[in-house]
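Today I sat down with a new model and a fresh notebook page. Here is what I looked up, in the order I went.

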Amino acid sequence: MKELMCKMWQKNPQKNPHEWKESHSLTGQVSFAMIALVAGTVLLCLILNTLFLGQYYIWNKSKILSNSYQKINAAAQDGTLDSEAFDIEFERICVNNNLTVMIINPDQTIVRSSVNDTQTMLKYFMELLISMSETSPKSYVIQKRKDVRMESDYLVMWGVLSDGKLIIARSALESIHESSDLTNRFLFMIGGIAIVFGAVIAGIVTRRITNPILELAELSARMTELDFDAKYMPRKHQNEIDLLGACMNEMSAKLERTISELKRANNELMLDNERKTQIDEMRKEFLSNVSHELKTPLALIQGYAEGLQEYINDDAESREFYCEVIMDEADKMNQMVKKLLTLNHLEFGDDAVSMERFDLTELIEGVISASSILIQQNNITVSFDSSLPMYVWADEFKIEEVITNFLSNAIHYAMYEKRIDIFYTVKEDCVRVSVFNTGDPIPPEDLEKVWIKFYKVDKARTREYGGSGIGLSIVKAIMDSLNRQCGVANRDGGVEFWMELDRKNEEIIKETIA
């Protein structure tokens, strides 16, 4: 978290990082706001209590005196004022409202009194009546008066009842000052405790809020560094911050996927550029190789054609020999062009693949039979067990071309014992067809290059039998179109070329769907 604060400090270097944290911390701000709110509330209560509590008390007492007059006057109207039935109600009015009440007849006899010392109170009330004699109320009057003898303030109500009796009541106001002072002291104590508890609670609450926010800030800082392993862990009781954290987790995952896709697209773009460069190089190499391969037969054709034109040899045998050379070289050129066209169709996927089930043993026998004359001319022995059929799934025409290329290649490179072995290696779901010929091994550095167009390990031998270096490229292209493997390996006493084909229909279906 300190590292995060330091990063934020780098953007605001005018303050010390620790001062920045203290002055901008959400915990500090909320705690200060809570303390200010509580202190302001307490101060407001003190001001209101000091200024308005006395007035409110007087207003409330005036209302009580007025209600008391109404109840007593109602009893005077129905004639129960002097009865025993009104004793309890009168006592309730005086005790519950903390009033001193005295009801006097016009002849100054006391009808009811809430005090035992009636004479002293009568004397006080008579002095009060005399001082108020100038005012003759219709019903009653409520005034604030000071008792000189007691040196206390009272709220006094005096008036005339419906039956002509005089009523006087008072309530001391001194208690309101004590209540106000007591209330203020109590508010001071409660306010101090509230401020302390408010600060503690504000700190705890804001920590519960700010800690997840700081976690989110740290998560976002790590995301800016492209670290998407950091994830926000929601609390047990989820709230809006947890919702924000979940959204940030989702954003982090989407950013990671987007960046991954961008990297993949960038990598594909780089590969495309590399392929483009390779294709340009291959195109240049192809043109160079084609030009080189065509140069020799064209030169021969041109030379022998000029010889015929100049009548170098007039005898029929020479002319026939010249024509055979021209036709042979033209045939080689034709075969090479056909192979190039075939390879081009295979590499660009223009040649449709026909998957069918056929007997591979029967196909190999046919290829061997077709090459029997060439095999006999080179005194080669071919070994192949044709007793058992081997059914596979593939394009029969293309596989025939692969076998033909393998066998033709073996015939031309067979040496020493001059033996060719064709055999199967059966696996769980496929069969490997191998064509082995005795002879010199292929140099290890050339094993993977034999599939390249126009590549020739032994150029002298290849030129000797008229090879173009395209046959194995066609084999590789055919096997790629079938999604199958092919390869070459040096064995004891010779070289083995192999390919693998499916034996089960299910495998073909799966491969085709994939």
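**Confidence first**

I began with residues 459–466, where pLDDT (the predictor's confidence in each residue, from 0 to 100) stays under 50. For that stretch the model has twelve contacts beyond four places in sequence, a contact being heavy atoms within 4.5 Å. Then I checked the whole chain: the average pLDDT is 76, and 75% of the residues score at least 70. Over residues 4–22 the pLDDT is below 50, and this stretch has 16 contacts beyond near neighbours in sequence.

A note to self on ground rules: this is a predicted model, in which local features need pLDDT of at least 70 and side-chain atom pairs count only at pLDDT 80 or more, while totals for chains, interfaces and linings use all residues. Residues are numbered from 1 along each chain as its sequence is written, and side-chain values use heavy atoms, with hydrogens and water left out.

**Helix 4**

Next I turned to helix 4, residues 87–96. I take helices (H or I, at least four residues) and strands (E, at least two) as DSSP runs, numbered from the N terminus. Which residues of helix 4 are buried? I found Phe90, Ile93 and Cys94. They lie on the same side of helix 4 because they cover an arc of only 90° around the axis, taken from the directions from the helix axis to the C-beta atoms. My cut-offs are under 20% relative accessible area for buried, over 50% for exposed, and partly exposed in between (1.4 Å probe, protein chains only). On the face turned away from the buried side I noted the exposed residues Ile88, Glu91, Val95 and Asn96. Just after the helix, asparagine 98 takes a positive phi of about 55°.

**Strand 1 and its partners**

I moved on to strand 1, residues 100–104: five of the five residues are buried, so the strand is largely enclosed by the rest of the structure. Thr100, Met102 and Ile104 point one way, Val101 and Ile103 the other. Strand 1 pairs in the antiparallel sense with strand 5 (residues 166–172) over five bridges and with strand 2 (residues 110–113) over three; pairing takes at least two DSSP bridges. Methionine 102 stands opposite isoleucine 168 in strand 5 and opposite serine 113 in strand 2. Strands 1 and 2 form a hairpin with five residues between them, and glutamine 108 in the turn has a positive phi of about 70°.

**Cysteines**

Last, I looked for disulfides (cysteine sulfur atoms within 2.5 Å) and counted zero. Cysteine 94 counts as buried at 7% relative accessibility, whereas cysteine 247 is partly exposed at 41%.
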